[in-house]
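This report goes through one structure by topic, beginning with the ligand and ending with single residues. Please keep the sequence and the model at hand while reading.

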Amino acid sequence: MTTTKQILRSEVIMEKYGKRLAGKTILITGVSDESLAGELALQVSTANPKLLILSARAESKVSGIRAKIQASAPEVQVRFLKMDLSDFADVRKAAGDLADVSQIDHLVCVAGVMMPPYCKTKDGIESQLAVNYLANFLLVKLLLPKVRAAGPESSVIIVASGAVRLGKMSFEDYNFSNGESYDPMVAYGQSNAARVMFVKRLGEKLKSEKIRVFSIDPGAMQTGLLRHISSEFLEKFIELSKTGQLMKDLDGKEFSYPPITGTSEGAATVITGMVDPTIAEYNGSYLYQNAVADQDLHTHVNDQDNWIRLWELSEDLTGEKFSL
Ligand SMILES: NC(=O)c1ccc[n+]([C@@H]2O[C@H](COP(=O)([O-])OP(=O)(O)OC[C@H]3O[C@@H](n4cnc5c(N)ncnc54)[C@H](OP(=O)(O)O)[C@@H]3O)[C@@H](O)[C@H]2O)c1
């Protein structure tokens, strides 16, 4: 059932639907040895795609994953794409570097950062909002013609987080009064609310073209994302997760701390978004544990006026009109 959540390993989803990735061109951001994107790249490489474009800030980040893919699937072409998502000029440059790639079947935006100390990007935007969301808005805008060239069944996938349940877009003060009111968790929540709301509107706009668009909560995994998290915070999280402790979302609805899984389980929901045919009619939805989980979203994120306001703000902040 489309709305029945199930923690599954990627191998299970690949066994079921992996054939759909054969011969495809797949771009994945955020690739490094221990990251969710690194796991995803390894998993999808088993389906014999034509070309994997692995993106990171530095080529050294993808070399371990590339070596593993070349050893296990030598027929798959692997290409590195250098891109720093904290710099809009670099995102534009990276998109330009793909001029010779005529189509992208799956554009999978996984890279992200969680709860760093306050910092503004070169473009003057709080770093989590810029890296986790605005860079994706810009990248999708710039590469959409290539996804369209791939035709129906292609996908745009934006990895988000269960932190969306605690997050909203502060339209009037997205920069936290220049850092004075900065709360790293609130800012992470804001960036994830933005990711999910963007996908809602994009999915609606691309539905008639049958381009799949989903946001993904991959669950909780111990990856490089925890680099800014204190050991006390992490220990408390693990304890609350084990005991099934409840939290409340912005509507006051209770939900439990997510169980901690491996990256194979996290990547499974990303692959579900890319290829599971049973969810195609739910374009724009938020997926968790391999199921449509829109019922988990709160009022602010479901508000279509907020989707429109966010889109307009994103055009202003990136300096890129995105008409569809
Ligand atoms: N881990 C979890 O429990 C969890 C839960 C929910 C959602 N997520 C989401 O899953 C995604 C992947 O996270 P992960 O767990 O795989 O964490 P990770 O191991 O830290 O991977 C994140 C990747 O994003 C890259 N990145 C960060 N800033 C970047 C920038 N400015 N430009 C380009 N790349 C940048 C990192 O590269 P560098 O090494 O160069 O920084 C890294 O390769 C994130 O978007 C996160 O919000 C994770």
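How far is an oxygen atom of the ligand from a polar backbone atom of G30? The separation is 3.1 Å. The model is predicted, and the values below are computed from it.

## Ligand contacts

Two other polar pairs involve ligand oxygen atoms. In one, a polar side-chain atom of Y188 lies 2.7 Å from an oxygen atom of the ligand. In the other, the partner is a polar backbone atom of G219, 3.5 Å from a ligand oxygen. On its own the ligand has 880 Å² of accessible area, and the protein covers 94% of this. Two elements, α6 (184-206) and β7 (220-221), give two or more residues to the shell around the ligand.

How many residues surround the ligand? There are 27, and the closest are R57, K61, Y188, G219 and T223. Y188 and G219 thus appear both in this group of closest residues and in the polar pairs, Y188 through its side chain and G219 through its backbone. Sorted by class, the shell holds 13 nonpolar, nine polar and five charged residues.

## Internal cavity

Rolling a probe the size of a water molecule over the atoms shows where empty space is left. With a threshold of 30 Å³ or more, the count is one cavity. The volume of the largest cavity is about 80 Å³.

Which residues lie nearest the centre of the largest cavity? They are I7, P218, T261, E265 and Q289, out of 15 lining residues. Helix α8 (residues 263-275) supplies the largest share of the lining, with three residues. By class, the lining is made up of six nonpolar, seven polar and two charged residues.

## Loop residues with positive phi

Two loop residues are listed here for their backbone angles. N48 is not a glycine, yet its phi is positive, near 60 degrees. N48 sits in the loop between α2 (36-45) and β2 (51-56). F176, also not a glycine, has a positive phi of about 55 degrees. The loop that holds F176 runs between β5 (155-159) and α6.

Is each of these side chains buried or exposed, or does it fall in between? N48 has a relative accessible area of 39%, so it counts as partly exposed. F176 has a relative accessibility of 5%, and therefore counts as buried. The cut-off for buried is under 20% relative accessible area.

## Exposure and spacing of other residues

K120 lies in the loop between β4 (106-109) and α5 (127-150). Its relative accessible area is 36%, so K120 is partly exposed. K120 and P258 are 138 residues apart along the chain, and their C-alpha atoms are separated by 30 Å.

R148 belongs to helix α5. With a relative accessible area of 37%, R148 is partly exposed. How far apart are the C-alpha atoms of R148 and D105? They are separated by 8.4 Å, while the two residues are 43 positions apart along the chain.

S60 is part of helix α3 (residues 59-72). Is S60 buried or exposed? S60 is exposed because its relative accessible area is 57%, and the cut-off for exposed is over 50%. The C-alpha atoms of S60 and R148 are separated by 31 Å, with their positions 88 residues apart along the chain.

Conventions:
Residues are numbered from 1 along each chain as its sequence is written. This is a predicted model: local features need pLDDT of at least 70, side-chain atom pairs count only at pLDDT 80 or more; totals for chains, interfaces and linings use all residues. Side-chain values use heavy atoms; hydrogens and water are left out. A residue is near a molecule or strand if one of its heavy atoms lies within 4 Å of it. A polar contact is a pair of N or O atoms within 3.5 Å; within protein, one must be able to donate a hydrogen and the other to accept it, and residues adjacent in sequence count only if both atoms are side-chain atoms. Accessible areas come from the Shrake-Rupley method with a 1.4 Å probe; for residues, only the protein chains shown count as cover. Helices (H or I, at least four residues) and strands (E, at least two) are DSSP runs, numbered from the N terminus. Ala, Val, Leu, Ile, Met, Phe, Trp, Tyr, Cys and Pro count as nonpolar, Asp, Glu, Lys and Arg as charged, and the others, Gly among them, as polar. On a 1 Å grid over the protein atoms alone, a cavity is a set of points where a 1.4 Å probe fits but cannot get out, and a pocket is an open set with protein on both sides within 12 Å along at least five of seven lines; lining residues have an atom within 4 Å of a point. Grid points are joined across faces, edges and corners, and a volume is the space filled by probe spheres set on the points. Buried means under 20% relative accessible area, exposed over 50%, partly exposed in between (1.4 Å probe, protein chains only).
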